[in-house]
Structure formats: C-alpha cells, structure tokens
Amino acid sequence: MKGESWPRLAVTLFLCAGTALAKPGVGASTFCTRYPTAAACVGGQPACTYCHTSAPEKNAYGAALEAKMPPATTAPRPLSDGDFVTALAIALGGVEAADSDADGVGNLVEIQKGTFPGDKKSFPNDIPCAGGTNPAYTVCKYDYKYVYRKLLLDFCGTSPSYDVLDAFVKSTQAQQVATLDTTLDGCLATEFWRGKNGQLWQLAHKKIRPVGTLKAGEDAAAFAPLADYYADYHLFAWANTDDRDARDVLTADFTVARTPPPTTYLRAPVSCPNLTDVECGVGHTCIKTGTFAKFCQPSQFVAAAFRSGNLTSSWTLAYNVMFTALPRNAAAQAYRGYLGLDIAKQEGLYPIANEPKDYDGKGVTKPLCQQCHATLDPLSYPFRNYNGLTDDPATPGQQALQYYPQRIEKIFSAEAPNITQIPEAGFIMGKPVATVKEWGTVAANSDAFLVATVNDYWKLLMGQPPLPEQNAEFVNLWQRLKTAHNYRVTKMLHELIRTEAYGAP
Ligand SMILES: [Ca+2]
Ligand SMILES: [Ca+2]
C-alpha cells in the first residue's frame, strides 16, 4: 500500500469557536453530581448551550445562576476550581424553584424532564391522553394489535395478513404477549434485520462511515481498495445479535465472519495457519501479511494483542488515521460513533489539567482550541502507535494498518520538534488509560455506551430521540441493559417493545 498515492486529508482540528466558559468541565460535572438522572447527564454532560446562548453570553438559566454566584467584589475572578464548585452547587439549588425562561415550568422540573430551563420554546409536553380517538387503535395506551403490526414492520419488514392479524386479535392477552416475543425473535433472525445491508447494518453506518470507492474485499472498488469495512459491520452485527455482549464491538480481539443467507455471524479464529478461504467464511480470505501469522479476516493487520474491536479495524486505521501522526480523528469518531459524544459540539468534555501539550505543533494551545483539545488530545494519545497508510521509509509497504511500536519516532519525527514525546497513555472521560485496549474497555463499560446503544435503537424504532415524557422509560431501558441483561441487546429489545413509548399509537 503506497501512502503517497492517496489524497491527504487535512488534519481536522476542533475549533471550538467563541467558548469563553470559565470552567467548562467543572461546571458540567457539578451540575451532573447534583442531577445524575437528568436527561442532560445520562451518559454525558450538558453541552455549553445548556447555560449559554453563544458563549460567553448566557441564556436565562445561566444568567439566573450567575446572579446567585458570589459577586466579584467579594470573590475575585477567576475562582479556584474548589470555590467554583461550592458556589455553583449553592447557585443550582438557589434557582431550582424559579422559572428562569418563563415558559411556565420551573427549572428543576425542566432539568428532570429533559427540557431546557434556559429556552422558553423547550418545555415538557406530557399532557396525559387528552381526547383523541382513533377507531383502529386504543389511543394513548399500550395496544397489542398496534404493537404486533409495528413490530412486524420494524423488525421483519412485512405486514401481517388479515387472517394472521385477526387470529392475533382473537387470542387471549397472554397468548398475544407470547406471540409478540416469538415474533420478535423470528424477526431478529431475518435478512431484513441482520443480513447484509439490513437494519442492523443501517444502525452501524454512522459509526463506520463507509466509502464505496475505497472498499476492499467483497464488493471491492475498482479505483482504490483500501480496506474492507464489512469486517466492521460483521463485528457490530455479531455484538448486537443472539446472546452476545454488545461491548464486543469496542473490545473484541477476534474477528467475525458472515455466513451466506440465512445470515449468521461466526467468530473467526484469530490465526488460521491451516484454514482455507472457504473455512474463513463468505467474502473472507485467509491471508498472510508481513511477519504476522495468517488471519482469517481480510485486511485485519493489527495483531490480536493490540486489537480492540472496531477501534482498531483496518477500516478505522485506513480512513480515520490515514496519514496523521496523532490520530485525533480516530479517537473523536469512536467517541462520537459509539458513545454519542461529539467533541466538535462540545459534548463529553473532560478537560485534563495541563493539556493539550501540542506535541505535533498544530497550535492547539490557542485559547479557542484549548478547551476542546484538553479533552481530545489525551483521548487520542493511546492511538499513537496505530498506523494508517503512511509508509516507514525503512520498510516501504510493510507497516500500513498495523500496531507499529515507535511509529511516531520512525515515521513522523520530522513533523514537529516535540512530536516523539507524544505518550501512549491518555485519558477517556477523565479516566487514565495506558492503551487503546484500556480505552475500549472504559468506553464499553461507560453509561455513555449504554445510552448511545439504546438511543440508536430508540431512534430507529420511534423515529426520534426520547421525548421528555419518555425519559423515564428510556433511562430504565439503558440501565437494565447492563444491570438486568448483561449487555444483551436482544433482551433489551424484548423490553423495548413493552414500553408505552413503543406500544401506544
Ligand atoms: Ca422554565
Ligand atoms: Ca424551558
């Protein structure tokens, strides 16, 4: 693979325009310590817009908080982190009863129901079942017939015949409940749901970001076959079907093969010295690369000891690392795709003290950049040895898409004076991690992963993110995905179809 032959992508730096918050991370964490089940805090932290219009201008809620902070005359600015936390905690309590944006609903109620206390156009809309009759369904109440039709449409892509629906309606409620469960299980095994380009693959698109003109392997592009992202879809589908752990998508050190229809996903052997292409599964070849053993999955060149699911897939390294020294895009895209935290939108900021260091000389210590890069750069450090497409001049064509120790020293040392000082240890969500494998484990075990996972399905099945009045059911679902179902998505889906949000027309 010749690095020079592909177009260089400009390094994307996150320019957090106009942010002059005094204490972005500290403020958000103080808020979430006080309101841990608020919609703005489940799995993440409130964005700057919670208190600001365009920073430093505050919205009505932010202004109300500021008025409760000790005046600058008695408490000179900037406050220390400790003083700020203490003062903000008092201020938060002091404005809970007020209705700062004058939309008729108090701040505390808005915080708990997931609407914005600083935006008068955002308020809870949970008028219970007012009027409205639909002759075909029992409106505003869980309706088994409605659920049966919706479930078949959502998970099987079909509608029931008149006779089938009639038989369902005439069965007892206990039978209807059982029919819904068996129907769901049947649908989850269909090509519509789990097959190539099926619903599950649609869910994965935003995480994987496929580019057909760069595809290798099955359905390879004629122009520039860089890597086979079907491997990423296979692992995602594996982790989200049958009795498997959804966290595998971020932590697996194995690869997954897809059978011909009826589609199942099989764990492929890590190395396959004696396997044939056929035994490796459809669309997969048993290959040997460089000094490593043979691998079953096409184009997965990272050695198993350094693999962490789709974080380190060939496609991730080809497309998100590409030619960059410090792979910020790889870290940011994983953070956004799998945890729902978009640093460019100032989500998931956990600034680390004395960061960023700007090892690669990109100017990220400038005030406008510093705030986001204090989170993003430490988030990216563990990826420093994962090589994209850049050649090591000493071994041209040998080091693409691999974990390559001393990668910065060997390939990028001329890019900036301090660049070789980039550490491999970094931070994710404020927690120190030594490697990408640790990064993946912390990410997969986080509330953010649970929230993002359930939110994906919720949006697919309900057509939009949870409404304020649905927040309680939503929180229950993602919390139980961990506590009751040990990360089995199939079990979560059986609960999801029981919710009022899904079953009330
Ligand atoms: Ca209000
Ligand atoms: Ca409001």
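**Entry 1: α18 and α20**

I started with a helix pair: the axes of α18 and α20 come within 12 Å and cross at roughly 45 degrees. The model I am reading is predicted. I noted α18 and α20 as oblique to each other, because angles between 35 and 65 degrees fall outside the parallel and perpendicular classes. Their crossing is right-handed. On the α18 side I listed Thr453, Val454, Tyr457, Leu461 and Met462, and these meet Val489, Met492, Leu493 and Leu496 of α20. Sorted by class, the contact of α18 with α20 has eight nonpolar residues, one polar and no charged.

**Entry 2: α18 and α19**

Next I looked up the other partner of α18. Helix α18 spans residues 447–462 and helix α19 spans residues 471–483; their axes are 9 Å apart and the packing angle is about 120 degrees. That angle makes α18 oblique to α19. I recorded the crossing of α18 past α19 as right-handed. From α18 the contact takes in Asp447, Leu450, Val451, Thr453, Val454, Asn455 and Trp458, and from α19 it takes in Glu473, Phe474, Leu477, Trp478, Leu481 and Lys482. By class I have eight nonpolar, two polar and three charged residues for the contact of α18 with α19. Thr453 and Val454 are listed in this contact, and both also appear in the contact with α20.

**Entry 3: α2 and α3**

I then turned to α2 and α3, which pack at an angle of about 120 degrees with their axes 8 Å apart. α2 and α3 are therefore oblique to each other. Their crossing is right-handed. I found Tyr61, Leu65 and Lys68 of α2 in contact with Leu88, Ala91, Leu92 and Gly94 of α3. The classes in the contact of α2 with α3 are five nonpolar, one polar and one charged.

**Entry 4: the calcium site**

Which residues coordinate the calcium ion (ligand 1)? I read off Asp99 (OD), Asp101 (OD), Asp103 (OD), Val105 (O) and Glu110 (OE), at 2.0 to 2.4 Å. Along the chain these donors follow the spacing D-x1-D-x1-D-x1-V-x4-E. Asp101 also bridges to a second ion: the calcium ion (ligand 1) and the calcium ion (ligand 2) lie 3.9 Å apart.

I checked the exposure of two of the donors. Asp99 has a relative accessible area of 28% and is partly exposed, because that value lies between the 20% and 50% limits. Val105, at 18%, is buried, because its value is under 20%.

**Entry 5: Ser122**

I looked up Ser122 for its neighbours. Ser122 sits in the loop between α4 (107–113) and α5 (144–156). Is Ser122 buried or exposed? Ser122 counts as buried, at 13% relative accessibility. Leaving out residues up to four places away in sequence, I found Ser122 touching Asp101, Asp103, Glu110, Thr115 and Phe116. Asp101, Asp103 and Glu110 are among the residues that coordinate the calcium ion (ligand 1).

**Entry 6: cis peptide bonds**

I noted a cis peptide bond between Arg77 and Pro78, with omega about -10 degrees. Pro78 lies in the loop between α2 (60–68) and α3 (81–94), and α2 and α3 are the pair packed at about 120 degrees in Entry 3. I noted another cis peptide bond between Glu355 and Pro356, with omega about 0 degrees. Pro356 is in the loop between α14 (328–339) and α15 (367–380).

**Entry 7: positive phi**

Met429 is not a glycine, yet I read a positive phi of about 50 degrees for it. Met429 is in the loop between β5 (426–428) and β6 (431–433). Met429 is buried, with a relative accessible area of 16%.

Asn486 also has a positive phi, near 45 degrees. I placed Asn486 in the loop between α19 and α20 (489–496). At 43% relative accessibility, I have Asn486 down as partly exposed.

**Entry 8: the chain**

Last, I took the totals. The protein chain has 21 helices and six strands. Of its 505 residues, 52% are buried. Among contacts between residues at least 6 apart in sequence, I noted that 60% join residues at least 24 apart.

Methods. Residues numbered from 1 in each chain as written. Chains lettered and ligands numbered in written order. Predicted model: local features only at pLDDT ≥ 70, side-chain atom pairs only at ≥ 80, totals over all residues. Heavy atoms only, no water. Donors = N, O, S within 2.8 Å, 3.2 Å for Na, K, Ca; no water. Buried < 20%, exposed > 50% of the residue type's maximum accessible area, 1.4 Å probe, protein only. Axes fitted to C-alpha atoms, helices over the stretch in contact; angles between N-to-C directions. Helix = DSSP H or I, 4+ residues; strand = E, 2+ residues; numbered from the N terminus. Parallel < 35°, antiparallel > 145°, perpendicular 65-115°, else oblique. Left-handed = near helix turned anticlockwise from the far one by under 90°. Contact = heavy atoms within 4.5 Å. Nonpolar A, V, L, I, M, F, W, Y, C, P; charged D, E, K, R; others polar.
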